[in-house]
Amino acid sequence: MLDYEVPSEPDVVMKKVFVKTYGCQMNVYDSQRMADALATDGYAPTDNIEEADLVLLNTCHIREKAAEKVYSELGRIRQLKEERLRDGRETIVGVTGCVAQAEGQEVLRRAPVVDLVIGPQTYHHLPAVVKRVRGGEKIVEIDHTSDDKFQHLPQPQKSVVRHRGVTAFLTVQEGCDKFCTFCVVPYTRGAEISRPVAQIVAEAERLAEAGVREVTLLGQNVNAWHGRSGDGQEWGLGELLFRLAQIPGLERLRYTTSHPRDMSDALIEAHRDLDKLMPYLHLPVQSGSDRILKAMNRKHTHDDYLRLIDRIRAARSDIAMSCDFIVGFPGETDEDFEDTMRIVREVTYAQAFSFKYSPRPGTPGAELKDHVPENVKTERLQRLQALLSEQQRAFALSKVGQSMDLLVEKPGRYEGQRVGRSPWLQPVIVDEAAGGIGEMVRVRIAEAGPNSLIAEPA
Ligand code: SAH
Ligand code: SF4
Ligand code: F3S
């Protein structure tokens, strides 16, 4: 006879976590790492917010609109939390990312529905923080810790990597020491750090073993990455790319975002010598006016940028350029703006993002006089975007009739189709007979649609 109580079945029902990601690719990477950390703690990911026991908003602070979106979403989440509570289900609500880092306690004040606020440098504490919240605390954790979060964040199971697809992000560098006067990143992501070579190589190898064919190295200033090789040599991003190109199974390498001041010779040589390094470079210039570039603290001129592009194109003639622009920085005159239009014509871009300047609290730009009126910003943005989309269209059309390698990534929108990417990051639609997901296939571009290319097997 048993004289003690048989323990009841362990609770095998996993809790669910829903993560919504705003902002840049680094947030995408971070969201996955957070999901991986929570998976070891009994939280399974879900795409359905209504069934989530834990809701995380991984936020972006780069422009006012991006930051404000979070608060309207939190309004909706408050209702959801109340509804779930009526059914006897608790919901923990967390704000992570750059709004968390920039606003801290203020997030709790503006949105009392929030239970935890955690900044990008302390994601490895997330499971412990969630546990404390379940014990009834509200927590704000935004200190920059000295321990290496990357070392403490678990790597995903191979099955999880496979589920995420044949392309992956890999953060190699985080933070920024450049302090462009418009930008919040140095404040939200802290000082520049580079992950060590061995950690990066091990993560890339794991990804390749799990079936990833294309890795995009990430950093707010990815080309400022530096480290030491196994034999003690000082490496920059160029040398790192040569090392990663040796990993079996990895067919394609990309990196983003770069700063014009950190395009080293070795990196340009990597574009010349590495077939696996894709001929596509996102290299933001922000403005074409020397006066504005100076006020932005970019520390390069219109001419420096053009000469750099010449060197890059001399190394790799088919490279396509991508860019970010800001219009209406304080003090920008019509003449300054025409310099931006001119640099676009001089370079010609395959792709670009352009934004109206948004004054950010705590940045030197916000303190400047001579803010540009909203209607002028709007008009300049429209003109710039018209030129950029013309160039984008011309670039797409230039590929019609060409043969190229396509990495098949996923099923297409319609039965019998698959979608892949060209070396220049363009979505390409192809018949499923062309090849399976994860395969590199040779195709010929038959047509250029508005947002994608249409190919047939070559
Ligand atoms: N590290 C990258 C930029 C990251 S932010 C770089 O150095 O280029 C992404 C883009 O957002 C920037 O390139 C810039 O074009 C835009 N941006 C940043 N701050 C902004 C602001 N205050 N207003 C409008 N656009 C901004
Ligand atoms: Fe922001 Fe400039 Fe740093 Fe880019 S380089 S993240 S724009 S401060
Ligand atoms: Fe936004 Fe932070 Fe990325 S402010 S752009 S999420 S680094």
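## Exercises on charged pairs and a ligand shell

With a relative accessibility of 29%, arginine 164 counts as partly exposed. The exercises below start from this residue, and they concern a predicted model.

**Exercise 1.** Determine whether aspartate 36, the partner of arginine 164 in a salt bridge, is buried or exposed, and find which helices the pair ties together.

*Solution.* Step one is to identify the contact: aspartate 36 and arginine 164 form a salt bridge in which the closest N and O atoms are 2.9 Å apart. Step two is to place both residues, and here aspartate 36 belongs to helix α1 (residues 25-39) while arginine 164 belongs to helix α7 (residues 158-164), so the pair links parts that are 128 residues apart in sequence. Step three is to judge the accessibility of aspartate 36, for which the relative value is 6%. Because buried means under 20% relative accessible area, aspartate 36 counts as buried.

**Exercise 2.** Carry out the analysis for arginine 380 and aspartate 334, and then find which residues salt bridges with shared partners join into one network.

*Solution.* First, the side chains of arginine 380 and aspartate 334 meet in a salt bridge, with 2.8 Å from N to O. Second, arginine 380 lies in helix α16 (residues 374-398) and aspartate 334 in helix α14 (residues 334-347), so this pair ties together parts that are 46 residues apart in sequence. Third, arginine 380 is buried, at 5% relative accessibility, whereas aspartate 334 is exposed, at 55%. Finally, the network formed by salt bridges that share partners consists of Arg33, Asp36, Arg164, Arg195 and Glu203.

**Exercise 3.** Describe the shell around ligand 1: which residues come nearest, and how much of the accessible area of ligand 1 does the protein cover?

*Solution.* Begin with the shell itself, which has 15 residues, of which Phe182, Gln220, Gln286, Asp324 and Ser358 come nearest. These shell residues divide into six nonpolar, four polar and five charged, and the strands β15 (320-327) and β16 (351-356) each supply at least two of the shell residues. Next, look at individual atoms: a nitrogen atom of ligand 1 lies 3.0 Å from a backbone N or O atom of phenylalanine 182, and a nitrogen atom of ligand 1 is 2.7 Å from a polar backbone atom of glutamine 220. For aspartate 324, an N or O atom of the side chain is 2.6 Å from an oxygen atom of ligand 1. The last step concerns the area, and it shows that the protein covers 89% of the 540 Å² of accessible area that ligand 1 has on its own.

Terms used: Residues numbered from 1 in each chain as written. Chains lettered and ligands numbered in written order. Predicted model: local features only at pLDDT ≥ 70, side-chain atom pairs only at ≥ 80, totals over all residues. Heavy atoms only, no water. Near = heavy atom within 4 Å. Polar contact = N/O pair within 3.5 Å; in protein donor to acceptor, adjacent residues only side chain to side chain. Areas by Shrake-Rupley, 256 points an atom, 1.4 Å probe, with all protein chains shown as cover. Helix = DSSP H or I, 4+ residues; strand = E, 2+ residues; numbered from the N terminus. Nonpolar A, V, L, I, M, F, W, Y, C, P; charged D, E, K, R; others polar. Salt bridge = Lys/Arg side-chain N within 4 Å of Asp/Glu carboxyl O. Buried < 20%, exposed > 50% of the residue type's maximum accessible area, 1.4 Å probe, protein only.
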